[in-house]
Amino acid sequence: MASKRQKDSPEEEKKQASSFPDEVLECVLGFVKSHRDRSSVSLVCKDWYNAERWSRTHVFIGNCYSVSPEILVRRFPNIRSVTLKGKPRFSDFNLVPLNWGADIHAWLVVFASAYSFLEELRLKRMTITDESLEFLAKSFPNFKALSLVSCDGFSTDGLKAIVAHCKNLTELDILENGIDDLGGSWLSCFPENFTSLEVLNFASLNSEVNFDALERLVARCKSLKVLKVNKNVTLEQLQRLLVHTSQLTELGTGSFSQELTLREYSELESAFSNCKNLYTLSGLSEATSLYLPALYPACVNLTFLNLSDAALQSAELAKLLPHCPHLRRLWVLDTVEDKGLEAVGSSCPLLEELRVFPAEPFEQDVVIGGVTESGFVAVSQGCRKLHYVLYFCRRMTNSAVAAVVKNCPDFTHFRLCIMNPWEPDYLTKEPMDEAFGVVVKTCTKLQRLAVSGLLTDLTFEYIGKYAKNLETLSVAFAGSSDRGMQCVLAGCPKLRKLEIRDCPFGNAALLSGLERYESMRSLWMSACHVTMNGCRLLAREMPRLNVEVIKEDGSDDTHAEKVYVYRSVAGPRRDAPPFVLTL
């Protein structure tokens, strides 16, 4: 019998790995889409590093200060598409001051010299001025796709420059931005011979649009697949648009508040009947039971229904959902109440993602309405494939959460937001520790977790012990002592983002992560018990980290009110405003 082949040495394995011809290796790498996988490939050997370097065309940067544009263009010379995130996520809650940074312009200047062939730019929580948008429009002749999500600094004048100069534009996606809306005339700046648009989303803009220009644009863009209009587009106007867009796969409607004649309603219903390819439907502002039936024919193939702008009642939702047999994702307001969520449980067996948002997020004294633990349990009983939940409510119980995860043990994202800080189990008056304990014990695939309610350090002991695949943790108004944060940092090996606000964690908790922060993307702490001396010690011990403290007017000189820690290969940022201290 022939002897078994001996295992190759590491040197021989590397030599064999690098023996592929460059053309073959680059062809193989073309099938590797994951950023993580491509990064792993680049570590195999020098040949693979070079092949991955030259063949990569898209780059994702989760923190615009983790690397400089100069370093990026040296590392990857052939990038066509860039996705870039800027401010910390808590900027969505107004916790990051204006003029904090994350300005895109310095990146664009470098890209103009190194990536003149750039085609796509996708920004989130970045600052981009009208001047930058004009520079972008005039510097990249092959530019095709612009996506701005939660960005600020620009106006509709900047959009005019984009649509007037980007002759090959296929995508313009403007979502939830702090935009200075100067009117809808920007739509008339598309050239009359322009026909390439495939995605147009201006749902978050407030002003009235130039509808004649919009209708002409939609009519001549035969490849348009995604159209999301704002609330100023009426039902009659929507019907006129749908006549030209039977090929749409995603639609965001305008307002449903208009009164229609029988003829107009019939025409609207007919237009929706022709939308056989819709997979995503959103908008429906002010939708009521009067006009919802017109939508039913277009719902047959829907996989995503976004009702976060539609204050539907339970009866209206219950009538709509049976027409959506393939629904995988559902976003609703808590106006649907528990009865509406019961309808979700009975009508949506394929549902994988549920988000329930508060209709009145800043109203503390709501007594009637909203959703409770019973609606949450009802969804879990009927939707056993559920693995992503964002659930805003004003009360919850440990037993209800236990029932939910027993029914749906495959959660990867579990974000429970009990809106009243320090709210206990309203039946037993006990902390919500056991609820989140059962989540991390049961849901072994959990990647993202947001905790809320009255929580002691026991919750964080559970997280550290059981949440071995956790990547993002968001904490607010929780914990008893430093031990809570220490348990998380010691026990969650895959943790990448840790977001903490209004918790009793101090220097001991902060410094317990010395061995972890370089493997994480970022740490945010605000309104905790961290001091300037603690932050200085962290910066001294970890010189490759950027440790930033936001000091606003009137803040205590010894207290670090807002701390942002992140790894960077570019060193301290050069554009920090005076109120950001880099230690």
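## A tour from cavity to core

The structure holds three cavities of 30 Å³ or more. Keep in mind that this is a predicted model.

**Stop 1: the largest cavity.** Start here: the space in the largest cavity is about 150 Å³. Which residues should you select to find its centre? Pick P88, R89, K497, S522 and Y564, the closest to the centre among the 17 residues of the lining. Now colour the lining by class: seven residues are charged, six are nonpolar and four are polar. Strands β19 and β20 each supply at least two residues of this lining.

**Stop 2: strand β20.** Select residues 522-526, which form β20. Is this strand mostly covered or mostly open? Mostly covered: five of its five residues are buried. Show the side chains next. S522, W524 and S526 point one way, while L523 and M525 point the other way. Residues on both faces are buried. S522 links this stop to the previous one, as it is among the residues closest to the centre of the largest cavity.

**Stop 3: the partners of β20.** Add β19, residues 497-501. Five bridges join β19 to β20, and the two strands run parallel. To check one pairing, select R501: its bridge partner in β20 is S526. Then add β22, residues 562-567. How do β20 and β22 run, parallel or antiparallel? They run antiparallel, again with five bridges between them. Here, L523 stands opposite V565 of β22.

**Stop 4: the largest nonpolar core.** Nonpolar side chains tend to be buried together in soluble globular proteins. In this model, the largest nonpolar core has 177 residues. Select L200, F414, L449 and I463, which touch the most other members. Then bring up helix α9, residues 211-220: it gives the largest share of this core, five residues.

**Stop 5: around L449.** Zoom in on L449. What is in contact with it, once neighbours within four places in sequence are set aside? The list is F414, F436, V439, V440, I463, L470, T472, L473 and S474. Two of these contacts, F414 and I463, also belong with L449 to the core members that touch the most others.

**Stop 6: S270.** Finish on helix α11, residues 262-273, where S270 is found. Why does S270 count as partly exposed? Because its relative accessibility is 40%, which falls between the cut-offs of under 20% for buried and over 50% for exposed. Last, draw a distance from S270 to L118. Their C-alpha atoms are separated by 41 Å, and the two residues are 152 residues apart along the chain.

Terms used:
Residues numbered from 1 in each chain as written. Predicted model: local features only at pLDDT ≥ 70, side-chain atom pairs only at ≥ 80, totals over all residues. Heavy atoms only, no water. Buried < 20%, exposed > 50% of the residue type's maximum accessible area, 1.4 Å probe, protein only. Helix = DSSP H or I, 4+ residues; strand = E, 2+ residues; numbered from the N terminus. Pairing = 2+ DSSP bridges. 1 Å grid on protein atoms, 1.4 Å probe; cavity = no way out; pocket = protein on both sides within 12 Å on 5 of 7 lines; lining within 4 Å. Points joined across faces, edges and corners; volume = space filled by probe spheres on them. Nonpolar A, V, L, I, M, F, W, Y, C, P; charged D, E, K, R; others polar. Core = buried A, V, L, I, M, F, W, Y, C linked by side-chain atoms within 4.5 Å. Contact = heavy atoms within 4.5 Å.
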